[in-house]
Structures are given as structure tokens and as C-alpha cells.
Amino acid sequence: MDQASFTPALGRPGLTRLYDLAIRLLTRERTWRDALLRQVSPKEGELILDLGCGTGSFAIMLKRAAPGARIVGLDPDPAVLAIAAAKARVAGVEIEWREGYANQAADLGEGFDKAVSSLVFHQVPLAGKREGIAAMFQAVRPGGEVHIADYALQRNRLMRGLFRVTVQLVDGVADTQPNADGMIEAILSDLTGEETPAERIIWTPTGAISLFQATRTATTSFA
């Protein structure tokens, strides 16, 4: 990933303050976040990485669900990290916020039990998608879990159309189209050495959001 730049929330720095409202109104946020939380199933004492944590909504959900877990939020955008830290203070939870890119997750050297990302990789250039997902696998211990919720393969004309006139209008076509064509599925299958279909697909006014889960094994590739 080019670490000199990144795509801000909602595509433009000036729109960052509207991100939480947009996600709440346009993505059936409660449905997919609750489904992702059940899938991650945080436990007391676990070390969990929220990669591309954005404004911290899901990191806070993780901490509330398992107060004894240690949650680390990683994001390259200092503006959203400031919002995340403020939200955590209001929520009365302690979360570690780190500034960095997705492909730097492996550099944290923590041996995470679980790594999760939500609505991150559709905004990332093609090479960075693979680097970032591979870094998630590297960041977790052997047997650790990787969870992704994102716009992935858009399976029918309606979802492709909604994705085109909402997400791609804001974030552009170059980075988002590979996701719509199934790139997340292809990367996960290549890294794990087996087919990794979505655990759940949630239709939204902005296209389908897919939830994936994979485990780091001895055969997991990081290349």
C-alpha cells in the first residue's frame, strides 16, 4: 500500500465528520455490526486488533461485549482516531489507538487472538488489499482468527447498481471495482489455500456487505 496517502472516510477529508451518520443511515449498520460481533465473539482476556478502526464504533462494541479483552485500534487517519478516542471516553471504555496502515499490522508483534476489519478494503488499492489481509493473518497467533466485513462480490444486478451509484460515486471505481468482482474472496482463498466463502451476506441500500471468517494455520500464506 502507498503509505503516502489513503482514502479518508467517505472519500474526502471534509466529510469525515459525517461518516458515522452516513454509515448508520445507508448501510443497515446495526444489522451487519451485530452480526460481525456475534461472529468475532470476543472473550475476556483476548487480544483483538481492529484494523482500519475508523471512528471506533466496532472497537467500542468489542470492548463492551468483553470488558476484560484488550482491544487495539489501528488506522492511518489521525482525524478519525481523534473521533474514536473521544467516543471511547464518552463510552467509558479503554482502547489502545495506534496510527498506521493495514500492512503494518504485522509489525505490531502482539500475537493477537483475533483480527477484524470492517468496511476497509474496498477503499484500498489492489496491491494493498492483499498486503493488508496477509498482514492480518501475520498479526494473529497460529490458530488465531481473521474476520472481515466489507463490500465484496456483488452477486446480482440490483446490488451492483446500488454499489455503483453510492459507494463508487464516493470512493471511486479503481479501488472498489475489484471488490465488486470478488477480489476479497479470491485473496482469502489464495492465502488460506481453500475456498473461503462469505459466512453471511447482508443486502443494504449501498450494495451487499459480506462477512468472512478464516483461521491462521500452518499452511497459511503471507506472500
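**Reading the terms against the values**

Reader: Where is the place of P125?

Author: In this predicted model, P125 sits in the loop between strand 4 (112–118) and helix 5 (126–139). The C-alpha atom of P125 is separated by 8.2 Å from that of T176, although these two residues are 51 residues apart along the chain.

Reader: Why does P125 count as partly exposed?

Author: The relative accessibility of P125 is 37%, and the term partly exposed is kept for values between the buried limit of 20% and the exposed limit of 50%, so P125 receives that label.

Reader: What makes L119 buried or exposed?

Author: L119 belongs to the loop between strand 4 and helix 5, and its relative accessibility is 6%. Buried means under 20%, so L119 counts as buried. The backbone of L119 also deserves a remark, since its phi is near 55 degrees, a positive value in a residue other than glycine.

Reader: Which label does S41 receive, and how do you know?

Author: S41, in the loop between helix 2 and strand 1 (47–51), has a relative accessibility of 29%, and a value between 20% and 50% is called partly exposed, so that is the label for S41. S41 is not a glycine, yet its phi is positive, at about 50 degrees.

Reader: How do you know that the buried residues of helix 1 line one face?

Author: The buried residues of helix 1 are Y19, A22 and I23. Seen down the axis of helix 1, these residues fall within an arc of 95 degrees, so they line one face of the helix. As general background, an α-helix has 3.6 residues a turn, so residues three or four places apart point the same way. The cover over the buried residues of helix 1 includes helix 2 (29–40), and helix 1 is followed by R28, which has a positive phi near 55 degrees.

Reader: Why is L25 called exposed?

Author: L25 is found in helix 1 (residues 19–26), and its relative accessibility is 60%; the term exposed applies over 50%, so L25 counts as exposed. Together with L18, L21 and L26, L25 makes a nonpolar surface patch of about 350 Å².

Reader: What does D20 touch, leaving aside residues up to four places away in sequence?

Author: D20, which is in helix 1, touches T55, S57 and K87. The C-alpha atoms of D20 and D50, which are 30 residues apart along the chain, are separated by 17 Å.

Reader: What makes helix 3 mostly covered?

Author: In helix 3 (residues 57–65), 7 of the 9 residues are buried, namely S57, F58, A59, I60, M61, L62 and K63.

Reader: Why is the pair of Y151 and F163 called tilted?

Author: The count comes to 1 aromatic pair, and in that pair the ring centres of Y151 and F163 are 5.4 Å apart, with 50 degrees between the planes. The centre distance meets the limit of 6.5 Å, and the angle is neither under 30 degrees, as stacked would need, nor over 60, as edge-to-face would need, so the pair is tilted. Y151 lies in strand 5 (residues 140–151) and F163 in helix 6 (residues 157–165), so the pair ties together parts that are 12 residues apart in sequence. Both Y151 and F163 are buried.

Reader: How do you know that D34 forms a salt bridge with R30?

Author: The closest N and O atoms of D34 and R30 are 2.8 Å apart, and the limit for a salt bridge is 4 Å, so the pair qualifies. D34 and R30 are 4 residues apart in helix 2, and are therefore separated by about one helical turn. D34 is partly exposed at 22%, whereas R30 counts as exposed at 64%.

Reader: Which parts does the salt bridge of R141 and D113 tie together?

Author: R141 and D113 form a salt bridge with their closest N and O atoms 2.8 Å apart. R141 lies in strand 5 and D113 in strand 4, so the pair ties together parts that are 28 residues apart in sequence. With 36% relative accessibility R141 counts as partly exposed, while D113, at 17%, counts as buried.

Reader: How many salt bridges does a search of the whole structure find, and which residues are linked in a network?

Author: The search finds 8 salt bridges, and R70, E96 and R98 are linked in a network of them. Within it, the side chains of R98 and E96 meet at 3.2 Å, N to O; R98 is partly exposed at 25%, and E96 is partly exposed at 28%.

Conventions. Residues numbered from 1 in each chain as written. Predicted model: local features only at pLDDT ≥ 70, side-chain atom pairs only at ≥ 80, totals over all residues. Heavy atoms only, no water. Buried < 20%, exposed > 50% of the residue type's maximum accessible area, 1.4 Å probe, protein only. Helix = DSSP H or I, 4+ residues; strand = E, 2+ residues; numbered from the N terminus. Patch = residues over 30% accessible without salt bridge, like charges linked within 9 Å, V, L, I, M, F, W, Y side chains within 5 Å. Areas by Shrake-Rupley, 256 points an atom, 1.4 Å probe, with all protein chains shown as cover. Arc of directions from axis to C-beta. Contact = heavy atoms within 4.5 Å. Phe/Tyr/Trp six-rings, centres within 6.5 Å; stacked < 30°, edge-to-face > 60°.
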